Amino acid sequence: MKPKGFEYLRAHSVEQALDSLASNGDDAKIISGGNSLMAMLNFRLLEPKVLIDISRLEALSGIEYKGDYLEVGAAATQAQLQAWPGLAERMPLLALAVPHIGHFQTRSKGTVCGSIAHSDPSSELPLCLALLGGSVVLRSKRGEKVLKAADFQLGMLSTACADDEMVVAVRFPVKRQGAGYAFTEVARRKGDFAIIAIAAEAVGGTIRLGIGGVADKPAVREWSDLATDALDDKLNELAWELGGNDDIHASAKYRRQLVRRLGREVIETAQENGVAVKETN
Amino acid sequence: MSQPIENQKQQVNFTLNGREVGGSAEPRKLLSDFLRQEMALTGVHVSCEHGICGCCTVRIDGKAVRACLTLAVQVDGRRVDTVESLAHAGELSDLQKAFRKHHGLQCGYCTPGILMSVEAFLEISPKPNEEEIRDMLGGHICRCTGYTGMVRAIKEVVEQRNEPVPLIEV
Ligand code: FES
Ligand code: FES
């Protein structure tokens, strides 16, 4: 329950962090909030030789509205995102999802990008990023690149971030015109790992549904102009496709039923929210 | 022979419960252990050591955080407050008194963390409703009390702290 020894480097600039990554590669880990990483170090699931702390980098601590998307820097906390003034209006899905991330006492330190980089399949932010079709900004000594969520998220705790790269920001697309959003989650205790997390966006006749916590990464489906009874079939198909397992928290059958029942509920709520948006416009 | 770099202690200077302190810690030293072992603040309790139970909660620059998920070297230059900062000259704080009065604790193992959380929370939300209080308490595990006494204690403190001050000295 104590980490193995490592060298600690408090980065004074992004360049310094990238230099260290370039020379240490796989032996180095970036730490910012540390909520997930420290737990893994304490369990000795990870034994890096160097820990590069980026939590004090001013250059990465911002949350910036850029018209089409909200850009969140790698040192910005989940609490900072929750307190961002335009959240409910411009980023309704995030406003619904963020209160489910851990607890008041963990959002204070946990970062938005850390959650994306950690890529736990039951985490809320990777699900939101996937559903909204957001992207991840990666930087290394070789340069900067921007990956779509779908190209970044590879599987359970696994991403396309190379050993010498770090996530410097994530971009969440802002609310689409006339769209409604909904989010729900089932966990043993609010804030604990989700048995299932579901997000939906409804705009016009198109529905986007995202499911976290069942497969090894967030799964997103888009359906247009479905007949009412066709939705149940689609949800059933999806429930089987996700291939959820039996484990201590829930049976595979229960998970499939959650996809079918809550999936429909979340879609309907998103549609209602979309209508409400139209009426107030 | 010099030690491998990962075992070399680093200097950590910070403000602890209002006092400037300094110490040295190996990089791998958890803040919770550092506060208990080097700073002799055993009010910082440790249980799960992976962020689940909340009993190690302290305040760093005012924010409630898990000390078991923080390295001692990370608080260099920061302000850290532990449960030991609450009582003054042997007199319990209003929050501590309310916890005692309403049976907000039994064995007391979870209590230091919860008190620090509540203080941070009330700074951000000075007038929370019961649902918000319960939501915040959700970040802590207490195996004794069932939380009801804590909710009552916190509500009482909220009321006391928000009471209008008298216009005339009485
Ligand atoms: S000991 Fe830190 S959260 Fe349990
Ligand atoms: S009082 Fe015993 S664990 Fe909370």
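In this predicted model, chain B is built from five helices and five strands. Read from the N terminus, the elements of chain B follow the order β-β-α-β-β-β-α-α-α-α. Taken along the principal axes, the C-alpha atoms of chain B fill a box of roughly 70 × 40 × 25 Å.

A helix pair in chain B makes a good place to begin a closer look. Two packed helices are described by the angle between their axes and the distance between the axes. For α4(B) and α5(B), the latter spanning residues 148-162, the angle is about 125 degrees and the axes lie 10 Å apart. Because of that angle, α4(B) counts as oblique to α5(B). The crossing of α4(B) past α5(B) is right-handed. On the α4(B) side, Glu130(B), Ile133(B), Arg134(B), Met136(B) and Leu137(B) take part in the contact, and they meet Met150(B), Val151(B), Ile154(B) and Lys155(B) of α5(B). Sorted by class, this contact of α4(B) with α5(B) holds six nonpolar and three charged residues, with no polar ones.

Helix α4(B) also appears in the lining of a pocket. The second largest pocket holds about 600 Å³ of space. Its lining comprises 24 residues, of which Gln82(A), Phe104(A), Arg107(A), Phe121(B) and Ile124(B) are the closest to the centre of the pocket. Elements giving two or more residues to this lining are α3 (78-82) and α6 (104-107) in chain A, along with β4 (63-66), α3 (111-124) and α4 (130-137) in chain B. In terms of chemistry, the lining of the second largest pocket is made up of nine nonpolar, seven polar and eight charged residues.

Definitions and conventions: Residues numbered from 1 in each chain as written. Chains lettered and ligands numbered in written order. Predicted model: local features only at pLDDT ≥ 70, side-chain atom pairs only at ≥ 80, totals over all residues. Heavy atoms only, no water. 1 Å grid on protein atoms, 1.4 Å probe; cavity = no way out; pocket = protein on both sides within 12 Å on 5 of 7 lines; lining within 4 Å. Points joined across faces, edges and corners; volume = space filled by probe spheres on them. Helix = DSSP H or I, 4+ residues; strand = E, 2+ residues; numbered from the N terminus. Nonpolar A, V, L, I, M, F, W, Y, C, P; charged D, E, K, R; others polar. Axes fitted to C-alpha atoms, helices over the stretch in contact; angles between N-to-C directions. Parallel < 35°, antiparallel > 145°, perpendicular 65-115°, else oblique. Left-handed = near helix turned anticlockwise from the far one by under 90°. Contact = heavy atoms within 4.5 Å.
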